[in-house]
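Please look through the sequence and the model below before reading on. The paragraphs after it are meant to be read with the structure open beside them.

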Amino acid sequence: MPQSHVYNWGPDDGPVVLALHGLTGHGKRWANFASEHLPEAQVIAPDLRGHGRSPWQPPWTFEHLVDDVAALLDAAGPAIVVGHSFGGAVATHLAARRPELVTGLVLLDPAIGLDPDLAVANAGAAAAYSDYTDAAEARSEKLHEAWGELDPALLDAELAEHLVPAGDGRVEWRLSTPAMVTYWSELTRDFVLPPSGLPTVLVQAMRVQPPYVTAAFRSALVDRLGAALTVHEFDCDHMVPLARGADVADIVRTLLRTE
């Protein structure tokens with residue numbers, strides 16, 4: 001498979017942080033986080049398979065996503081891995097399968113082991129409503145979702161980077177709709193857990209209802225990791241890296257100091 005499209009920020013000799021975006025997102029969403037909040041780190045942020053400028057070809061599975069991102073760390077070296085939502089699930093699978101590549105794990109409102117009924121509803125919406133009349137309609141949808149609490153400049157950047165012509169004058173996000181539908185199925189698979197002893201931080205966005213962080217996953221992390229797990233509950237909606245970038249950067253710095 002062709003290589004993933006990757007964004008990089010920070011000094012070449014800085015500590016390596018791999019940042020994984022959520023479903024329907026892209027690597028450039030981490031630009032503000034990397035540049036404004038964690039400039040001392042070398043932040044590597046791929047467009048995950050089926051997203052953005054990375055290849056869209058299947059298979060669309062956690063196993064193949066792990067292979068894609070592991071190839072980046074095989075080249076760059078072990079890293080703190082930060083994953084948001086779907087990216088948190090990918091990060092957890094990476095830590096479970098390739099623990100030698102992950103020195104610490106930061107899970108930002110991870111979506112993993114989800115209720116199949118929730119996945120059916122979201123996959124159906126992704127298939128039925130994949131484009132928009134124009135950019136104004138796309139912006140309005142984001143504002144009525146978790147983006148409403150964010151700096152408007154972040155939404156401007158999202159539209160500039162990720163919204164593309166769809167034909168007949170309409171617009172759509174730069175992603176594969178079949179991949180998105182398939183990934184909702186992946187999110188209902190039984191969750192995996194990081195290896196025992198891996199320093200891990202779980203951040204749950206408390207305004208998300210129903211929560212993506214299931215009680216079963218949170219409890220299993222506590223049982224597996226014990227003192228190696230830190231849990232934060234943030235009073236924000238789902239877009240944690242954009243809403244609380246400075247706080248996330250402080251979490252990453254804490255893990256870097258323990259390496």
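What follows is a walk through two strands with their partners and through one pair of helices.

The model is a predicted one, and the walk begins at strand 2, which covers residues 16–20. Five of the five residues in this strand are buried, so strand 2 is largely enclosed by the rest of the structure. The burial concerns both directions in which the side chains point, with Val-16, Leu-18 and Leu-20 turned one way, Val-17 and Ala-19 turned the other way, and all of them buried.

Strand 2 pairs with strand 3 (residues 42–46) in the parallel sense, over three bridges, and within this pairing Val-17 stands opposite Val-43 of strand 3. Between these two strands the chain passes through helix 1 (residues 31–37), and the resulting β-α-β crossover is right-handed. Strand 2 also pairs with strand 4 (residues 79–84), again in the parallel sense, here over four bridges; the bridge partner of Leu-20 in strand 4 is Gly-83.

An annotation may help to place this part of the chain. In an unreviewed entry, UniProt places the feature "domain: AB hydrolase-1" at residues 15–134. Over residues 15–134 of the model, the chain is 39% helix and 21% strand, and the C-alpha atoms at the two ends are 41 Å apart.

The next stop is a pair of helices, helix 4 (residues 116–128) and helix 7 (residues 177–186), whose axes come within 9 Å and cross at roughly 175°. Since an angle over 145 degrees counts as roughly antiparallel, helix 4 is therefore roughly antiparallel to helix 7. The residues that meet are Ala-119, Asn-122, Ala-123, Ala-126 and Ala-127 from helix 4, and Thr-177, Val-181 and Trp-184 from helix 7.

The walk ends at strand 9 (residues 200–205), which is mostly covered, six of its six residues being buried. Thr-200, Leu-202 and Gln-204 lie on one side of strand 9, Val-201, Val-203 and Ala-205 lie on the other, and with all of these residues buried both faces are covered. Strand 5 (residues 102–108) pairs with strand 9 in the parallel sense over four bridges, and here Leu-108 stands opposite Val-203 of strand 9. Strand 9 pairs with strand 10 (residues 229–234) as well, in the parallel sense and over six bridges, with Val-231 of strand 10 as the bridge partner of Leu-202. From strand 9 the chain crosses through helix 8 (residues 215–225) to strand 10, and this β-α-β crossover is right-handed.

Terms used. Residues are numbered from 1 along each chain as its sequence is written. This is a predicted model: local features need pLDDT of at least 70, side-chain atom pairs count only at pLDDT 80 or more; totals for chains, interfaces and linings use all residues. Side-chain values use heavy atoms; hydrogens and water are left out. Buried means under 20% relative accessible area, exposed over 50%, partly exposed in between (1.4 Å probe, protein chains only). Two strands pair if DSSP finds at least two bridges between them. A crossover is right-handed if, with the strands pointing away from the viewer, the path from the first strand over the helix to the second runs clockwise. UniProt positions are given in the numbering used here, feature names are shortened, and annotations may be inferred rather than shown by experiment. Axes are lines fitted to C-alpha atoms, for helices over the stretch in contact, and angles run from 0 to 180 degrees between N-to-C directions. Angles under 35 degrees count as roughly parallel, over 145 as roughly antiparallel, 65 to 115 as roughly perpendicular and the rest as oblique. Contact means heavy atoms within 4.5 Å.
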